[in-house]
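Good morning, everyone. I have one structure to walk you through today. Please take a look at it first.

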Amino acid sequence: MSLLRYLKRYSSEIILASFLVPALVLLLIFQLIPTIWTIWFSFTDMALIGKKLIHPSFIGLKNYVDMLNDSIFWQSMKVTFEYCLASLVLRFILGLLAALYLTSKMFRGKTILAAIFLLPYIIPGAIHPYVWISMLDTRYGTLNRILLFFGLTPQSWVYKRAMESVVMINSWAGYALAMLILSSAITSIPKEFYEVADIYGASRWQKFSKITLPLIKYPVILSLVLIFKEDIDDFTYVYMFTEGGPHYRTELLSLYAYHKAFAYFELGYGCAVGVIIAIIVFVLTLAQLKLGGV
Amino acid sequence: MYREKGLIVRVKIITAPHKGYRERVVTDFAAGAAGDVVWLGESEIPGLVEAGMLLDLTPYVEKWEDWGKFYEVGKKLGSYKGKVYAIPFETAPLVIYYRKDIFKQAGLPVPWQPATWDDVVRAALTIKEKVPDVIPFRGFYDVCLPIYMAGGKTYDPTDGKWIDKSDAILSAFKVYYDVFYSYGITPKEAELEKWDNRKLFQEGKLAILIDGVWCYIEKWGPGMTYEIENREDVVGYSYIPGLGTPGAPNYISVTGTYNWVINAKTKYPELAWELVKELSKPEIIAQWGYETSHIVTRSDAVLGEYAKEPFLKWATTVLEHSIPKPIASGYKKYVNTFKRVIIDYLVAEGKSPEECLSIFVNEAIKELGSDAVKEV
């Protein structure tokens, strides 16, 4: 087959494929090449300043071996999983509740509330900690005033409850992701299913557990995967609010990688931590998909 | 020079926020994207010099008669291994601020200049007793300051080693222990929960504060975040005294600088140098110092509005007692390690100064490496 005939025969496919080119080029430049560089740097002792910037050495797996003996790395790993797990549960439950509320026929004023629910998600993440700092102040903060009003003990949100505080900020800021995915999924369920259930006298819980939940299984898995993916490399709140403290209790892996690479300028080691984050995301996402039967 | 020749040079100014500035500049240099002339803090100088990123300005300053007018402390902060890499533009030593109204309420003298650290503690204890609603004392902004107050060092430039164990470091831990536990002149929550010292001071809820000279205008000045309306009436200031122990200085302060440096990869070193000279003119430095409450880096820049402002005029004299921050790689690690031991072990857990010293030795070795630290 001559080239001309080949082009003629597959012209529509070629045109369609050409639409992918800009996205692929962007993906290559901004995702693939930096990823390859990151992996390469993780096998070197490259620094952002000093002689090691100009003359880095290939050190094989040394960064990874050092990481095994690095107590702060393991501490970061622990707090990252605590943060992800707590955020996953809170963001998902809040998102699901909001989605159920928005798709329910029982309530009014949903359009306005939908916009209010979305607000934290659309406000830039860098702003959130500033808002919350005044809320969480031990002496004058809104949260402790509410606790006092109910006769409860005020909490040290910035020090003793630092992890709870960042989880709270993250959950408040991010529950709308699950809300958006799940509300659109719930809306797409045919009404007939509920009408039949009503005829048979199904309770609200039975309708939710036997109809809604099974039919939104894949959106649920998708939202869980996306929330987890967002949280495991989360950076903004701990960077802005706690800077990893106190005593590394909020030093998430992403922040640890940042501190290593950009505060101490140990780029090679920071990249190695970044590679570990990527591997964790990859493995756990696969596991989540497998468990969900996707 | 270029002006005389009638040559028009366009300068593109790129600005960046203060938070994350250090990381941004270093990354720009590493990526080869830094400007010809860069505004740089002193702590990045050693690493960038080692990476060959900064132009050696020694031959330029040798021919520049203005160089003799720059204060020594700034010159030291801009030099590395005997060569000049940076022209200091502003410097910012630490001072003691005190609320005159609280002092009067407590029956303490105003103006006040403590002769030793004990005087500061005594004043704070009096305030604790007489004005109990007020936090008596907050320090030290630079965590290592008590080491210098004891006459100690953090770094030995002769062998390039960081000092992890010394009598001065033990004394510093004792100072912190006294502040938080023995005398309780600072509530530990203030440190652990990062209470906003400058706001507390503005509100008259904090009596004595060690902080940078920039607070006077940049924080408490007219139109600023924590403006104090009758600032001149209520804000007093004094030199930071030594510990009063053998070997301790009478007065002490520690300072860093922001400087103009030239990218070693610039295509126009001569032009860049002309720009640096232009930016380092005394009237520009003085105006910047006046607007931001930073101290000028050259003696002939005490002029104009700067010279008329009594605080700035006084604060310039603090430089006589100021020592430069160490200019060496590893400074941030050293300081962060020391800070962590103070906050996480001394303040949070109430560990004794001796225990803290032992923890610090172990942590410093872990962070900096056993070859990079020593005991004196």
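Let me start with a single residue, A:E266. At 23% relative accessibility, A:E266 counts as partly exposed, because buried would require under 20% and exposed over 50%. Keep in mind that this is a predicted model.

Where does A:E266 sit? The residue lies in a loop of chain A, between α14 (253–263) and α15 (267–291). What does A:E266 touch, leaving aside its neighbours within four places in sequence? In chain A, A:E266 is in contact with A:M46, A:K260 and A:A261. On chain B, the contact is B:K333. For a sense of distance, take A:I123. That residue is 143 residues away from A:E266 along the chain, and their C-alpha atoms are separated by 33 Å.

Now look at A:F265. A:F265 is found in that loop too, between α14 and α15 of chain A. Is A:F265 buried or exposed? With a relative accessible area of 4%, A:F265 is buried, since the cut-off for buried is under 20%. Its backbone deserves a look as well. Phi of A:F265 is near 65 degrees, which is positive, and the residue is not a glycine. As background, most residues other than glycine have a negative phi.

Let us step back to chain A as a whole. How many helices and strands does chain A have? The count is 15 helices and 0 strands. Chain A has 294 residues, and a compact globule of that length would have a radius of gyration near 19 Å. Chain A comes to 24 Å instead. Along the principal axes, the C-alpha atoms fill a box of roughly 80 × 75 × 30 Å.

What about burial in chain A? Of its 294 residues, 43% count as buried. The exposed surface of chain A is about 16900 Å², and carbon and sulfur atoms supply 72% of that area. Next, contacts within chain A. Take those between residues at least 6 apart in sequence: 66% of them join residues at least 24 apart. And the charges: chain A has 24 positive and 17 negative ones, with mean positions 7 Å apart.

On to chain B. Here the secondary structure is 18 helices and 16 strands. The radius of gyration of chain B is 22 Å, close to the 21 Å that the globule rule gives for 376 residues, so chain B is as compact as a globular protein of that length. Its C-alpha trace spans about 70 × 50 × 35 Å along the principal axes.

Buried residues make up 56% of the 376 residues in chain B. Its accessible surface comes to about 16300 Å², with 51% belonging to carbon and sulfur atoms. Among contacts in chain B with a separation of 6 or more, 73% are between residues 24 or more positions apart. Chain B carries 46 positive and 52 negative charges, and their mean positions are 3 Å apart.

So how do the chains meet? How many residues does each chain bring to the contact? Chain A gives 28 residues and chain B gives 29. Between them, the chains bury about 2500 Å², 56% of it on carbon and sulfur atoms. Which three residues supply more than any other three of the area that chain A buries against chain B? They are A:Y159, A:H247 and A:Y264, with 24% of that area.

Last stop: some local details in chain B. Start with the peptide bonds. Most peptide bonds are trans. Which residues in chain B are joined by a cis bond? B:V110 and B:P111 are one pair, with omega about 0 degrees. B:P111 lies in the loop between α5 (100–105) and α6. B:G139 and B:F140 are also joined by a cis peptide bond, with omega about -5 degrees. B:F140 has its place in the loop between β6 and α7 (145–149).

Then there is B:P132, in the loop between α6 (117–130) and β6 (135–138) of chain B. B:P132 is exposed, with a relative accessible area of 59%. Its C-alpha is 9.8 Å from that of B:A106, and the two are 26 residues apart in sequence.

Finally, B:S293. This residue lies in the loop between α14 (282–292) and β14 (295–296) of chain B. Phi of B:S293 is near 60 degrees, a positive value in a residue other than glycine. B:S293 is buried, at 0% relative accessible area.

Notes:
Residues numbered from 1 in each chain as written. Chains lettered and ligands numbered in written order. Predicted model: local features only at pLDDT ≥ 70, side-chain atom pairs only at ≥ 80, totals over all residues. Heavy atoms only, no water. Helix = DSSP H or I, 4+ residues; strand = E, 2+ residues; numbered from the N terminus. Rg over C-alpha atoms; globule rule 2.2 N^0.38 Å. Buried < 20%, exposed > 50% of the residue type's maximum accessible area, 1.4 Å probe, protein only. Contact = heavy atoms within 4.5 Å. Areas by Shrake-Rupley, 256 points an atom, 1.4 Å probe, with all protein chains shown as cover. Lys, Arg positive; Asp, Glu negative; His and termini not counted. Charge placed at Lys NZ, Arg CZ, Asp CG, Glu CD. Buried area = accessible area lost by both parts, 1.4 Å probe.
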